[in-house]
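Biologist: I would like a close look at a single part of this protein, set out in full and then placed in its wider surroundings. Here is the entry I have in mind.

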Amino acid sequence: MSNETPTLTETHHFKAETRQLLNILIHSLYTERDIFLRELISNASDAISRLNFELLTNKDVLDPDIEPKISIKINKDQKTITITDTGIGMDQDDIMQNLGTIAHSGAREFLEAATKSGDSDLSNIIGQFGVGFYSAFMVSDEIEVISRSYDKADDPIHWISDGGETYTIEKGEKDNRGTDIVLHLKEDASEYLEDYRIRQIIKKHSDYIPYPIFLNENEEQINRQTAIWRQQPHLVKPEEYKDFYNQFTFDFNEPLGYLHLSIDAPIQMYGLLYIPSTAEPNLFSDRKDYGLKLYARKVMIQEFTKDLLPEFLRFIQGVVDSEDIPLNVSREAFQSTKAIAQIKKILSSKVLDYLENLKSNDSEKYGSFWKEFGFFIKEGLASTAEFDDQLLSLMKVKTTKNNSSWQSLDDYVQSMVEDQKKIYYIIAEDENSAINSPHLEIFKQQNVDVITFTDPIDPFVLMRVNKYKEFDLTNVTSKDLELPEKKSEEEPTNEEEEVNKDELNELLTFFKTTLNERIKEVRTTKKLVESPVRLVDSEGSPSPEIQKAYRYLQKEFDSPQRILEINPSHPIIKNLAGIKGINPVRELVIEQLYENALLAEGVQPNSADLVKRVNKIIEVALKK
Ligand code: ADP
């Protein structure tokens, strides 16, 4: 039981620290003011929880049977909002102790940070701290607290302050246990007299407060009340998971998948994570940013927490809730706490396991996942080595042999031909130019399958990743292909001998003089079957992956001179070599062969020149 309740009004001074805090809250903060409601509701919720705890051992409390709830009443005429709870209440000592001094470490930390940072970014930091009750002075000229303790012997207490130097207390009028906080709103805070604003703030910050919150006389409950992620996964119905997802993301489709975690070690945490139905357009449009919603002890700490998953998993939406999150540290310190690092580790591995399972057990769903989110997996491969094994296993590819469906690298490895020791791939603009690339002719001939990489991000992946399990990932344009020997082949083929060595050498020289600076060198190759020529990179020039990446980034970049390889057994080459003396068409054909080789690499030629040249060639051909 407290001191004798004053019959007359008593005036008390706030402690210096409190005055300092109030001064900042009242004079320096104009944004993030919404959080005052979160703070008051959180206090109300705590007060009810404490009463519930008291009730475990003590039935002799005031109003033991009233419903635990929080009510908010708006009075537009008087410009007040009243937040009422049926919690434990405060007696005179409590009120003087709790609302006259700063015991709360959040407020202290805030003060420290505020004095260090200068006024400019205060509004950024306030959301991070539980500044508690005092934050209500951001929106109020005056606050009244009328509280009645659970202890039947205590009188109700009425506390009033304008947030200046002093507060007053007197005996109050209140029939039931609990606390009313009456905010007399500032002139510029009248937005909070609108129902929709209050509703909006509660939805945003306090939706999962474990007691019902009612707004105004019609006693309509606003918050969802139960934190579905805190329930045992086997007790939550699939519709509830879906409803929660819909509310949370504003995406009214079925989520592609979800995972519900309840973990005790090494850290206590709950998590409810969703893979959205599509990567676009809902992913970033309705929620302002990406990141998980983080709760600690049922209070929302941060709406878009980016430190809980690696960046490439940013398409994951959901909630994490942990008792072990330190509440009162700055944003920078928060990121590097042990708790956050532990949660990140757990979540990353759970998400990747989940996807691996989906891949193994529901290939259709995984197919949709890959179609929507494959990009993110590739981004993970391009950006970090940390998850290579898992991500490569999740990767799906198309190949020249199986162009219509996705397969995994394991599928590819399983269907490798005898003696094949490498995984071969081609980088191209699109499937069609990949399949028709002259570089693949030798592979077709040897019956070796080739992965077709056509995404802009693929070169970035391949710049970093060059092995899967024990197999090198090898570009088809690479010099050391080490293709498996084809059993039936009789070496050497005698076709080549049909071309006269001297004629061939003469032709090579003619190619070089005609194309001059445009190519580095011209030489023969055995790796072509159907095409007369192809272009390959010369030693020392940047890898095709890097060239592609540069082009994609539109960096200032001169394509290095390339080598033109010609297929001596091709009829065109044979005929060209056979031409004696001056021939007007030979030069044109060489020009055209070069352009064809460029076309096969996805480089668009000048179409006017091309048409002229082809017309001339046709003209000569028809004359004969
Ligand atoms: P915090 O809640 O973070 O401790 P506050 O400044 O918000 O800091 O509140 C200080 C204290 O005042 C609380 O710890 C609590 O003991 C008391 N208090 C505030 N609001 C209520 C309430 N509605 N019912 C009972 N006690 C309250």
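Leaving aside its neighbours within four places in sequence, which residues is Asp388 in contact with?

Modeller: The model is a predicted one, and what follows is computed from it. Leaving aside neighbours within four places in sequence, Asp388 is in contact with Leu381, Arg464 and Val465. Asp388 itself is found in helix α12, which covers residues 388-394. With a relative accessible area of 17%, Asp388 counts as buried, because the cut-off for that class is under 20%.

From helix α12 we can turn to strand β15, which holds residues 396-399. Lys396 and Lys398 point one way from β15, while Val397 and Thr399 point the other way, and all of these residues are buried. On one hand, β15 is joined by two bridges to strand β18 (residues 451-453), and these two strands run antiparallel; within that pairing, Lys398 has Thr452 of β18 as its bridge partner. On the other hand, two bridges join β15 to β16, again in an antiparallel arrangement, and here the bridge partner of Val397 is Gln407 in β16. These pairings belong to an open sheet of six strands with mixed pairing, whose order is β16-β15-β18-β17-β20-β19. Its edge strands, each of which pairs on one side only, are β16 (407-408) and β19 (467-468).

For the wider surroundings, the protein chain has 21 helices and 23 strands, and 52% of its 624 residues count as buried. Among the contacts in the chain with a separation of 6 or more, 71% are accounted for by residues 24 or more positions apart.

Another open sheet has nine strands, in the order β1-β6-β5-β4-β7-β3-β2-β8-β9, and its pairing is also mixed. At its edges lie β1 (10-13) and β9 (220-221), each pairing on one side only. Inside that order, strand β5 (residues 157-161) and strand β6 (residues 166-171) run antiparallel and are joined by five bridges, with His158 standing opposite Glu170 in β6.

The loop between β9 and α7 is the place of Ile222, a residue that is buried with a relative accessible area of 7%. Apart from neighbours within four places in sequence, Ile222 is in contact with Arg199, Ile202, Lys203, Asp207, Ile213 and Leu215. The C-alpha atoms of Ile222 and Gln200 are separated by 9.5 Å, although the two residues are 22 residues apart along the chain.

The aromatic residues add a further view of the interior. A search of the whole structure finds 24 aromatic pairs. One of them is formed by Trp159 and Tyr167, which are stacked at 5.7 Å centre to centre with 25° between the planes, and both of these residues are buried. In another pair, the ring centres of Phe244 and Tyr274 lie 6.2 Å apart and the planes stand at 35°, so this pair is tilted. Phe244 lies in helix α7 (residues 238-249) and Tyr274 in strand β11 (residues 269-275), so the pair ties together parts that are 30 residues apart in sequence. Phe244 is buried, with a relative accessible area of 0%, and Tyr274 likewise counts as buried at 0% relative accessibility. Phe244 and Tyr274 also belong to a cluster linked by ring pairs, which includes Trp229, Tyr241, Tyr245, Tyr258 and Tyr295.

Finally, there is a packed pair of helices to set beside the sheets. The axes of helix α17 (residues 501-515) and helix α20 (residues 584-600) come within 10 Å and cross at roughly 75°, and α17 and α20 are therefore roughly perpendicular to each other. On the side of α17 the contact is made by Phe510, Phe511, Thr514 and Leu515, and on the side of α20 by Arg586, Glu587, Ile590, Glu591, Leu593 and Tyr594. Sorted by class, this contact has six nonpolar, one polar and three charged residues.

To return to the part you asked about, Asp388 is buried and lies in helix α12, where its contacts beyond the neighbours within four places in sequence are Leu381, Arg464 and Val465.

Conventions: Residues numbered from 1 in each chain as written. Predicted model: local features only at pLDDT ≥ 70, side-chain atom pairs only at ≥ 80, totals over all residues. Heavy atoms only, no water. Pairing = 2+ DSSP bridges. Helix = DSSP H or I, 4+ residues; strand = E, 2+ residues; numbered from the N terminus. Axes fitted to C-alpha atoms, helices over the stretch in contact; angles between N-to-C directions. Parallel < 35°, antiparallel > 145°, perpendicular 65-115°, else oblique. Contact = heavy atoms within 4.5 Å. Nonpolar A, V, L, I, M, F, W, Y, C, P; charged D, E, K, R; others polar. Phe/Tyr/Trp six-rings, centres within 6.5 Å; stacked < 30°, edge-to-face > 60°. Buried < 20%, exposed > 50% of the residue type's maximum accessible area, 1.4 Å probe, protein only.
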